[in-house]
Amino acid sequence: MSLRNAKSWEEARDIASGKRGHADAFGEDLASKVAKRAGNGAAYGAVDRSNPFPKSLACPKACGTKKLFKGLYCPTLTALGADGAVDVSGIMDYAKFLVDDGTNGVFVGGTAGMSMSLSTQERKNLLEAWVAASKKYPTLEVIAHIGAQSVEESRDLAAHAESIGVAGISAMTPVFFKPSTVELLAEFIAHIAAAAPRTPFLYYHFPDITGVAFPMKQVMAALHPLVPTLRGAKFTSTHMWDLGDCIDLGKSLGTDWDLMMGFDGQTLSTLPMGITSHIGISCNGMTPTWNRMIRAYERGDMKAAAREQEIGRKWFAMFAGEVGLWNMGHACKIMLAERMGYKHDFGATKPPQKVIPDNEIANLKKAWANFKKEWGGAKLFEHEGLL
């Protein structure tokens, strides 16, 4: 029996432990391989590669077959003080703004939040502040990105996230020592998900930035028997065929995965596919556009929906054109500060990301002002009813 064809995570564990020792889907004897490299592990820390997920810790909620997440989730920006340190003082106001703007949840410590440039303690402090804000604003769900280059660090972050009560966790693949096979990626994810055994897990698929471009269908097929908390994925890709294959795979397994679209410009195209949750950097100020688009689609007004998608697409093109795609985080901080009435200065970025110089900021602000004028001024931020 192959690992990929296992009917349950218990069956997959039996294969890994040698009880059902047959060649896996990649032509290797997984039991022999794992046995050679097995170590000792606690709740988190060093991993036990022979048994990543103890049966007693399975998560009944996450094993459900229905979607858990719905609506618009903001990938939060990480504010920095003048000294470059993470500043959490404005998060309560940030959370209120997002709720008032029509946001359903936050994705903390992802790409927009500079997670890979932050220390473990900074990431923990940041997440704790967002969980505290969600207690004041309970409609705002918190999903924590806990991926890191080290499996032990990822497990530490996962256990911490579960201990303070997040709605879900997510992790991308390591980006330096990249997994060379889908099997190795699935093993890495299984180990870190096991450190938060009662919290729904979402695989973070972002091949353009990680360089790990296995089709997500293959990844999800490999994860399914190994990770009982698997609930879906954050799909940051333009490969709609792969997304459709994942939807079909979930259906064949009897589950309706939460496949959260991560590219703003693809939002409308995913609605006919049944995607109901979206994570886009433009939710740091442009959430009303996406809410109007979804409402228009739901009532069958495709012309209005297409117009809202055009607004979002041209917003993204305008910001990326002014400062470059990989400086969008700093640019969005400038927009967010304006939309919040300049109550907070969100600072710049951590090295080695570029700090946008003053002359480019001036050009960006001018382009932003012209964009708002072209697309309706204050009406750009009006709601047509929240999700």
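Lysine 372 has a relative accessible area of 17% and so counts as buried (under 20%, with exposed meaning over 50%, partly exposed in between, a 1.4 Å probe and protein chains only). A good place to start, then, is the partner of this side chain.

This is a predicted model, in which local features need pLDDT of at least 70 and side-chain atom pairs count only at pLDDT 80 or more, while totals for chains, interfaces and linings use all residues. Residues are numbered from 1 along each chain as its sequence is written, and side-chain values use heavy atoms, with hydrogens and water left out.

**Salt bridges**

Side chains of opposite charge can pair when their charged atoms come close. The structure holds 14 salt bridges, a salt bridge being a side-chain nitrogen of Lys or Arg within 4 Å of a carboxyl oxygen of Asp or Glu. Among them are the three listed here.

| Pair | Closest N to O distance | Relative accessible areas |
|---|---|---|
| Lysine 372 and glutamate 338 | 2.8 Å | 17% and 26% |
| Lysine 124 and aspartate 156 | 3.1 Å | 15% and 19% |
| Lysine 96 and aspartate 100 | 2.7 Å | 40% and 46% |

Lysine 372 forms its salt bridge with glutamate 338. Because lysine 372 sits in helix 14 (residues 358-374) and glutamate 338 in helix 13, the pair ties together parts that are 34 residues apart in sequence. Helices here are DSSP runs of H or I with at least four residues, numbered from the N terminus. Glutamate 338, at 26%, counts as partly exposed.

Lysine 124 and aspartate 156 also meet through their side chains in a salt bridge. Lysine 124 belongs to helix 4 (residues 120-136) and aspartate 156 to helix 5 (residues 151-164), so this pair links parts 32 residues apart in sequence. Lysine 124 is buried, and aspartate 156 counts as buried too.

The salt bridge of aspartate 100 with lysine 96 stays inside helix 3 (residues 91-101), where the two lie four residues apart, about one turn of the helix. Aspartate 100 is partly exposed, and lysine 96 is also partly exposed.

**A nonpolar patch**

Now for the surface: Ile209, Leu325 and Trp326 make a nonpolar patch of about 300 Å². Patches are made of residues with over 30% relative accessible area and no salt bridge, joining like charges within 9 Å and nonpolar side chains (Val, Leu, Ile, Met, Phe, Trp, Tyr) within 5 Å. Accessible areas come from the Shrake-Rupley method with a 1.4 Å probe, and for residues only the protein chains shown count as cover. Leucine 325 lies in the loop between helix 12 (302-323) and helix 13 (328-339), and is partly exposed at 42% relative accessible area.
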